[in-house]
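Open the model in a viewer and keep the sequence panel visible. The stops below each begin with something to select.

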Amino acid sequence: MSHNRQIKKSLFLSLAVIFLFVSSVATGKTLIYHGNVDSHIFHKPSCRYYNCKKCTKKFTSREDAIEAGYRPCKVCKP
Ligand SMILES: [Zn+2]
């Protein structure tokens, strides 16, 4: 009996993880912009400059980045 219970528990947990993942992707909350601390330009994850050495500042929205004095990259246009 306890074995069956364990399976149910892990099944529930994996469903919960999937649900959280899907809902966060759907709302776009996982999108994190990277700001270049040197040039004050920020990039979206698909940009080739996203993981550059100086792109260490993280923003959860483009509004945050603009408020912090950063401007959108001309390549990825975040
Ligand atoms: Zn970019």
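Start with the sheet. Four strands make up an open sheet with mixed pairing, and their order across it is 3-1-2-4. At its edges are strand 3 (57–59) and strand 4 (71–72), each of which pairs on one side only. This is a predicted model, so read each stop as a description of a prediction.

Now colour the whole chain by secondary structure. The protein has two helices and four strands, and from the N terminus its elements follow the pattern α-β-β-β-α-β. Of the 78 residues in the protein, 15% are buried. Among contacts with a separation of 6 or more, 51% are between residues 24 or more positions apart.

**Strands 1 and 3**

Select strand 1 together with strand 3. The two run antiparallel and are joined by three bridges. Within this pair, Tyr33 stands opposite Phe59 of strand 3.

Keep Phe59 selected and show its surroundings. Which residues does Phe59 contact, leaving aside neighbours within four places in sequence? They are Ile32, Tyr33, Gly35, Phe42, Asp64 and Ala65.

**The core**

Extend the selection to Tyr33, Ile41, Phe42, Phe59, Ala65, Tyr70 and Cys73. These seven residues form the largest nonpolar core. Nonpolar side chains tend to be buried together in soluble globular proteins. Tyr33 and Phe59, the residues that stand opposite each other, are both members of this core.

**The loop between strands 1 and 2**

Go next to Asn36, in the loop that links strand 1 (33–35) to strand 2 (41–43). Is Asn36 buried or partly exposed? Asn36 counts as partly exposed because it has 19 C-beta neighbours inside 10 Å, and a residue needs 20 or more to be buried. Not counting residues up to four places away in sequence, Asn36 touches Ile41, Cys52, Lys54 and Cys55. Ile41 in that list belongs to the core. Add Tyr50 and draw a C-alpha to C-alpha distance: Asn36 and Tyr50 are 8.7 Å apart in space and 14 residues apart in sequence.

Stay in the loop between strand 1 and strand 2 and select His40. Its phi is positive, about 55 degrees, although His40 is not a glycine. Most residues other than glycine have a negative phi. His40 has 14 C-beta neighbours inside 10 Å and therefore counts as partly exposed.

**From His40 to Gly69**

With His40 still shown, add Gly69. Where does Gly69 lie? Gly69 is in the loop between helix 2 (62–67) and strand 4. The C-alpha atoms of Gly69 and His40 are separated by 7.1 Å, although the two residues are 29 residues apart along the chain. Gly69 is exposed because 8 other C-beta atoms lie within 10 Å.

**The loop after helix 1**

Move to Leu31, in the loop between helix 1 (2–27) and strand 1. Leu31 has 15 C-beta neighbours inside 10 Å, so it counts as partly exposed. Add Ser61 and draw another distance. The C-alpha atoms of Leu31 and Ser61 are separated by 7.6 Å, with their positions 30 residues apart along the chain.

**After strand 4**

Finish at Lys77, in the segment after strand 4. What is the phi of Lys77? It is positive, at about 45 degrees, although Lys77 is not a glycine. Lys77 counts as exposed because it has 9 C-beta neighbours inside 10 Å. For a last view, show His40 and Lys77 together: His40 has a positive phi, and so has Lys77.

Note on methods:
Residues numbered from 1 in each chain as written. Predicted model: local features only at pLDDT ≥ 70, side-chain atom pairs only at ≥ 80, totals over all residues. Core = buried A, V, L, I, M, F, W, Y, C linked by C-beta atoms within 7 Å. Buried ≥ 20, exposed ≤ 12 C-beta atoms within 10 Å, placed from the backbone. Contact = placed C-beta atoms within 7 Å. Pairing = 2+ DSSP bridges.
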